[in-house]
Protein chains: 2
Amino acid sequence: MTDQSMMRVLAGEPAAAPPVWLMRQAGRYLPEYRQLRQSAESFLDLCYTPKLAVEITLQPVRRFDFDAAILFSDILVVPDGMGMTVGFEDGHGPVLVPVQDAGDLAALDPDRAAAHCAPVYEAVSAVRAALAPEKTLIGFAGGPWTVATYAVEGGSSRTFETVKAWMWRDPAGFGRLIDMLTDTTVDHLSRQIEAGADCVQIFESWAGVLAEPEFRRYVVGPTRRIVEALRARHPAAPVIGFPRGAGSLIGDYAAATGVTAVGLDTGVPLAQARAIQKSVPVQGNLDPLLLAAGGAALEDRVEEIVSGLAGGPHIFNLGHGIVPQTPPDHVAELVAAVRGAA
Amino acid sequence: MTDQSMMRVLAGEPAAAPPVWLMRQAGRYLPEYRQLRQSAESFLDLCYTPKLAVEITLQPVRRFDFDAAILFSDILVVPDGMGMTVGFEDGHGPVLVPVQDAGDLAALDPDRAAAHCAPVYEAVSAVRAALAPEKTLIGFAGGPWTVATYAVEGGSSRTFETVKAWMWRDPAGFGRLIDMLTDTTVDHLSRQIEAGADCVQIFESWAGVLAEPEFRRYVVGPTRRIVEALRARHPAAPVIGFPRGAGSLIGDYAAATGVTAVGLDTGVPLAQARAIQKSVPVQGNLDPLLLAAGGAALEDRVEEIVSGLAGGPHIFNLGHGIVPQTPPDHVAELVAAVRGAA
């Protein structure tokens, strides 16, 4: 484990050059992914077919020599495993039969999630076996709030109107959904660690649409429960929290949840990042659209982020997932620049 | 002027009960607006027909006794006035013929904006004449960055990919667009003040999609120029800046731009708001969806915001525009609660 540069940074040691991986590094911007995509009927089939999930996970590490692999999977395998009906239409995002009241909750069965996700854990083991020992394998799950937004809205949302309405109208009922997702997420992450993931990341992609009271109740509280439960079972496995859009509350989030490290979205200024770095390692935060754009602005910003965060533990990453139109050449240049800028 | 509770708060005096108005208070959630909407061919026709714009501006003040009227208009009258072709399709947002390079810029004519917007200034004068003297009249414009996103993307965007690509590829060319918008915005706000607006607000609705360097260059810089130019011409007219999504940079924004007061989006925690209040008055920041939802959660939050910000100058508002599905009864209850909670 201490042979892995990313794990050393997660343990609080600054590195000569920051380890680098990219959110959604396995995916549509890679021609080899697009080719493999044809082998499966649906997006979720890719996630549930270990041979394909393993190959897709390894593709970007092979091509770019990233310091970490992140399991190719999706945050919606958890609700799918609990019995919500999840589908993906190419180019249109996920579609779920929405869960909107106590009756819908009663129809869910969190106990079936583990068996349903068995191929996911099988893929984790196979990736760990195939991956060079100095590379870190990252497992992941969505944060309960973020998964709840998809479950209640029935897919992506611009307004979050339905999920917020339930949250305010019936906090007890909505709290039960959050609790079910929290428990199932603990189990899902725990099984990934048992299967060979070195660390895990919690993607709270929609943290930013909540005001502080709801952020504390539905993001910080459940994340703390997840971190505590994982610590008890797997004390050596770091947990990275990524509360996208948390703004000035990121420092509070890091302190109150007990996450090992915190992922920074694009909007976090370097001065704020340095303040957080005094407590926990940080990960981030290049604008994914700047990686897609390339050019002198990209070079300048990479240098700025690397040198700006060199005084403490830092893992280089984007501030959000890589976008499909990103030229793979830009990614290769990025990795070289991150390693060269240090 | 000092008879107006909102102007007193903008001058830094805390009030017994905060003055209250709501972003987009004149609009689709009101049946009397929906009825008037039928009188005009297009949304922009409403803006350019003083008789209709005046009536729509006054409707919510009449119904709810708000402390301020905000001119019924749109941030896109500025690019429309400069010769970009702006259309609105009901329910689909604005559509513009996009401006994406130096050639497109050359076709614009900022000098025609003032004549084009003459009906807007006429509406301001008529509203001021009709409005009770203790009510504040707010003029407004979009921030140059926000208007540029619509101009370059050709409408609303989820990704801001095209505008960011131009910004990074050709900072000089993109800077000229921002400069043109900045100058025209100064003129547009100045003419609203001359016509009778007591103060103005700059809506930088998409400030939150920029990383810090671009935020400083394309939001803070142009806003400072606007504030300085308005101060020189109209020293008594307060300028409220609303950099939505600025996160931990809001305090810096307030200090660096010189705005009189700062609008807070829903994500700003009250502790951060209180810190900002030590320098400038704040305005905000109830979640518009909580106003639409109503109930006990709404009552609790209103009390929390009012009492939480009672120690300094505070204007009660939403953290973003009111949503069309908001029951007007909730708005009446909100105004009563704000005045009763103090």
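The exercises below, each with a worked solution, concern a predicted model with chains A and B.

**Exercise 1. Determine which residues of α16(B) are buried and which are exposed, and explain how they are arranged about the helix.**

Begin with the dimensions of the helix: α16 of chain B runs over residues 296–308, which makes 13 residues, and the distance from its first C-alpha to its last is 18 Å, close to the 18 Å expected at 1.5 Å a residue. Next, sort the residues by their surroundings, where 20 or more other C-beta atoms within 10 Å make a residue buried; the buried ones in α16(B) are B:L298, B:R301, B:V302, B:I305 and B:V306. These residues lie on the same side of α16(B), because the arc that they cover around the axis is only 125°. The spacing agrees with a general rule, namely that an α-helix has 3.6 residues a turn, so residues three or four places apart point the same way. Finally, turn to the other side of α16(B), where B:A296 and B:S307 are exposed.

**Exercise 2. Describe how α9(B) and α10(B) are oriented to each other, and which residues make their contact.**

First take the two axes: those of α9 (residues 144–153) and α10 (residues 161–169) in chain B approach within 8 Å and cross at roughly 105°. Since angles of 65 to 115 degrees count as roughly perpendicular, α9(B) and α10(B) are therefore roughly perpendicular to each other. Then list the residues involved: α9(B) contributes B:A148, B:T149, B:V152 and B:E153, while α10(B) contributes B:T162, B:V163 and B:W166. Sorted by class, this contact of α9(B) with α10(B) has four nonpolar, two polar and one charged residues.

**Exercise 3. Work out how many residues of chain A and chain B are in contact, and which helices of chain A supply the side that touches chain B.**

Count the residues first: 22 residues of chain A are in contact with 22 residues of chain B. On the side of chain A that touches chain B, at least two residues come from each of α10 (161–169), α14 (270–277) and α15 (288–293). Of the elements of chain A, α10(A) gives the most to this side, with five residues. The class composition completes the solution, with ten nonpolar, seven polar and five charged residues on the side of chain A that touches chain B.

**Exercise 4. Locate B:G12 and identify its contacts beyond its neighbours within four places in sequence.**

In chain B, the loop between α1 (5–10) and α2 (31–37) holds B:G12. B:G12 is partly exposed, as 14 other C-beta atoms lie within 10 Å. Setting aside neighbours within four places in sequence, the contacts of B:G12 are with B:P281 and B:P313. As for the first of these pairs, B:G12 and B:P281 are 269 residues apart along the chain, yet their C-alpha atoms are separated by 6.1 Å.

**Exercise 5. Find the cis peptide bonds at A:N285 and B:N285, and examine phi at A:D65 and A:F160.**

Start with omega: the bond joining A:G284 and A:N285 is cis, with omega about -20°, and the bond from B:G284 to B:N285 is also cis, with omega near -10°. A:N285 belongs to strand β8 (residues 282–286) of chain A, and B:N285 to strand β8 (residues 282–286) of chain B.

Continue with phi, which is positive at about 55° in A:D65, although A:D65 is not a glycine. This residue sits in the loop between α4 (50–64) and β1 (68–70) of chain A. Phi of A:F160, likewise a residue other than glycine, is positive and near 60°, and A:F160 occupies the loop between α9 (144–153) and α10 of chain A. With 17 C-beta neighbours inside 10 Å, A:F160 counts as partly exposed.

Conventions: Residues are numbered from 1 along each chain as its sequence is written. Chains are lettered from A and ligands numbered from 1 in the order in which they are written. This is a predicted model: local features need pLDDT of at least 70, side-chain atom pairs count only at pLDDT 80 or more; totals for chains, interfaces and linings use all residues. The expected span of a helix is 1.5 Å times one less than its number of residues. A residue is buried if 20 or more other C-beta atoms lie within 10 Å of its own, exposed if 12 or fewer, and partly exposed in between; C-beta atoms are placed from the backbone. The arc is that of the directions from the helix axis to the C-beta atoms. Axes are lines fitted to C-alpha atoms, for helices over the stretch in contact, and angles run from 0 to 180 degrees between N-to-C directions. Angles under 35 degrees count as roughly parallel, over 145 as roughly antiparallel, 65 to 115 as roughly perpendicular and the rest as oblique. Two residues are in contact if their C-beta atoms, placed from the backbone, lie within 7 Å. Ala, Val, Leu, Ile, Met, Phe, Trp, Tyr, Cys and Pro count as nonpolar, Asp, Glu, Lys and Arg as charged, and the others, Gly among them, as polar.
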